[in-house]
Amino acid sequence: MKLKRQWVLLGAFAALFAAGSADACTRVVYHGKDGLVITGRTMDWKDPMHSRLWIFPQGLEHEGGAGRNSAHWVSRYGSVVVTSLESAVSDGMNQKGLVANMLWLAGSKYPDDCGKEPRLSIAAWAQYFLDNFSSVKEAVAAIKAHPLCVVSDKIPGTDRYTTLHLSISDANGNSAIFEYIDGKLVIHEGREYQVMTNDPEYSQQLAIEKYWNQIGGTTFLPGTNRAADRFSRAAFYIHAIPKTANQSEGAAEVMSVLQNVSVPMGISTPGQPHISSTRWRVVADQTGLKYYYNSVSSMDTFWVNLNQADLKKGAPILQLPMGQGQVYSGDVIADFKPVSKPFEFVTVSPGKTQS
């Protein structure tokens, strides 16, 4: 049995090491003292993402963007989110401290037939959780009791099919990972699921964690930008950094872990012509409800204090002007501008299947 287990670990390690993901995001959850919980992530992408920050109040009506039989809902909670390519929510935190992070997973395979299940565009997947749930336990129970069918399509303006998995974490430190494997939704739920990168599927990433735990991070840590190496470093350092109850100190510690697993700007790796540089980093203080944003290209670091945001039903939808040389620092609530309507989730055509 011991030999078999070693082969399983080594096989998973080889698979993850070989993945060499070109879209190399990393996500970590920090458990501090006195219940302090902070989630951080890097966004790594090979092309400009035209990312924007939005503040959405309660009471917004949403349509799932999936054509026939799309899901419909009214947001229960306000949130701050980061959108990408002006068509999808990539990351965000709601007023209850629930955080959602979208990361690439090339091995994703979505259902070919949704049957009677309500359909949801992958562009709206993260926002659906932020709008509707206050905790991981509540979200997982709801999805199991009333399943949704996530559908995908090509990235706007490209021939590349969108394949993502979703992580959520809450103010209690619980986490869940949602993946579509061979057309079926797989959910990993538990406080221990503090780190996630890209390929392969999450069960194999957990095998990698066991492998490196046996070696020990003070003995050796792999240093490349491959998914396996980033996972190993993130898993070691998120537990190695000091445990604090101070929210600002905790946010700084998590940001330092993200910097350790970031991909330098403009890096070129032989055999990986499309390796992705880190575009931005986010640190979400789920205890203090502060959402920190760090732009790699401009070196700006600023935050949104959701305690100061008007999230009541009927409050204006707000967008932070970005992408035209703006420089921000500190709390940027006052810099958001009202807009008449939110962006529209990219719509997936009925009957569209993965190819």
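## The disulfide

Both C114 and C149 are buried, and in this predicted model the two cysteines are joined to each other by a disulfide with an S to S distance of 2.0 Å. The structure holds one disulfide, and C114 belongs to the loop between β8 (99-104) and β9 (119-121) while C149 sits in strand β10 (residues 149-151), so the pair ties together parts that are 35 residues apart in sequence. A disulfide is a covalent bond between the sulfur atoms of two cysteines.

As for the geometry of this bridge, the torsion about the S-S bond of C114 and C149 is about -65 degrees, and the disulfide is therefore left-handed.

## Overall composition

The protein is built from six helices and 20 strands, and of its 355 residues 57% are buried. Among contacts in the protein with a separation of 6 or more, 70% are accounted for by residues that stand 24 or more positions apart. The protein exposes about 15000 Å², of which carbon and sulfur atoms supply 53%.

## The seven-stranded sheet

An open sheet is formed by seven strands, which follow the order β14-β1-β2-β15-β16-β17-β19 with mixed pairing. Its edge strands are β14 (195-196) and β19, each of which pairs on one side only. At the β14 end of this order, strand β1 (residues 26-31) and β14 pair in the antiparallel sense over two bridges, and within that pairing R27 of the sheet stands opposite M196 in β14.

## Surroundings of N198

N198 lies in the loop between β14 and α4 (202-215), and with a relative accessibility of 0% this asparagine counts as buried. What does the side chain of N198 approach with a polar atom at 3.4 Å? The partner there is the backbone nitrogen of C25, a residue that is itself buried, with a relative accessible area of 3%.

A polar atom of the N198 side chain also lies 3.2 Å from the backbone oxygen of W104. The side chain of N198 is thus placed within reach of a backbone nitrogen, that of C25, and of a backbone oxygen, that of W104.

## Helix α3 and its buried face

In helix α3 (residues 136-145), the buried residues are V136, A139, V140 and I143. When the helix is seen down its axis, these buried residues fall within an arc of 95 degrees, so they line one face of α3. An α-helix has 3.6 residues a turn, so residues three or four places apart point the same way.

The elements against which the buried residues of α3 pack are α2 (125-132), β11 (164-169), β12 (175-181) and β13 (184-189). At the start of α3, a side-chain oxygen of S135 reaches to within 3.1 Å of the backbone nitrogen of E138.

## F336 in the loop between β19 and β20

F336 is found in the loop between β19 (329-331) and β20 (337-339). Is F336 buried or exposed? With a relative accessibility of 5%, F336 counts as buried, since the cut-off for that class is under 20%.

Once its neighbours within four places in sequence are left aside, F336 is in contact with L53, W54, I55, V304, L318, Q319 and L320. For one of these partners, Q319, the C-alpha atom is separated from that of F336 by 5.2 Å, although the two residues are 17 residues apart along the chain.

## Two aspartates with positive phi

D34 has a positive phi of about 55 degrees although it is not a glycine, and D182, likewise not a glycine, has a positive phi of about 50 degrees. Where in the chain do these residues lie? D34 is in the loop between β1 and β2 (37-45), whereas D182 is found in the loop between β12 and β13.

With a relative accessible area of 75%, D34 is exposed, and D182 is exposed as well, with a relative accessible area of 66%. The strands that flank D182, β12 and β13, are also among the elements against which the buried residues of α3 pack.

Definitions and conventions
Residues numbered from 1 in each chain as written. Predicted model: local features only at pLDDT ≥ 70, side-chain atom pairs only at ≥ 80, totals over all residues. Heavy atoms only, no water. Buried < 20%, exposed > 50% of the residue type's maximum accessible area, 1.4 Å probe, protein only. Helix = DSSP H or I, 4+ residues; strand = E, 2+ residues; numbered from the N terminus. Arc of directions from axis to C-beta. Contact = heavy atoms within 4.5 Å. Polar contact = N/O pair within 3.5 Å; in protein donor to acceptor, adjacent residues only side chain to side chain. Areas by Shrake-Rupley, 256 points an atom, 1.4 Å probe, with all protein chains shown as cover. Disulfide = S-S within 2.5 Å. Pairing = 2+ DSSP bridges.
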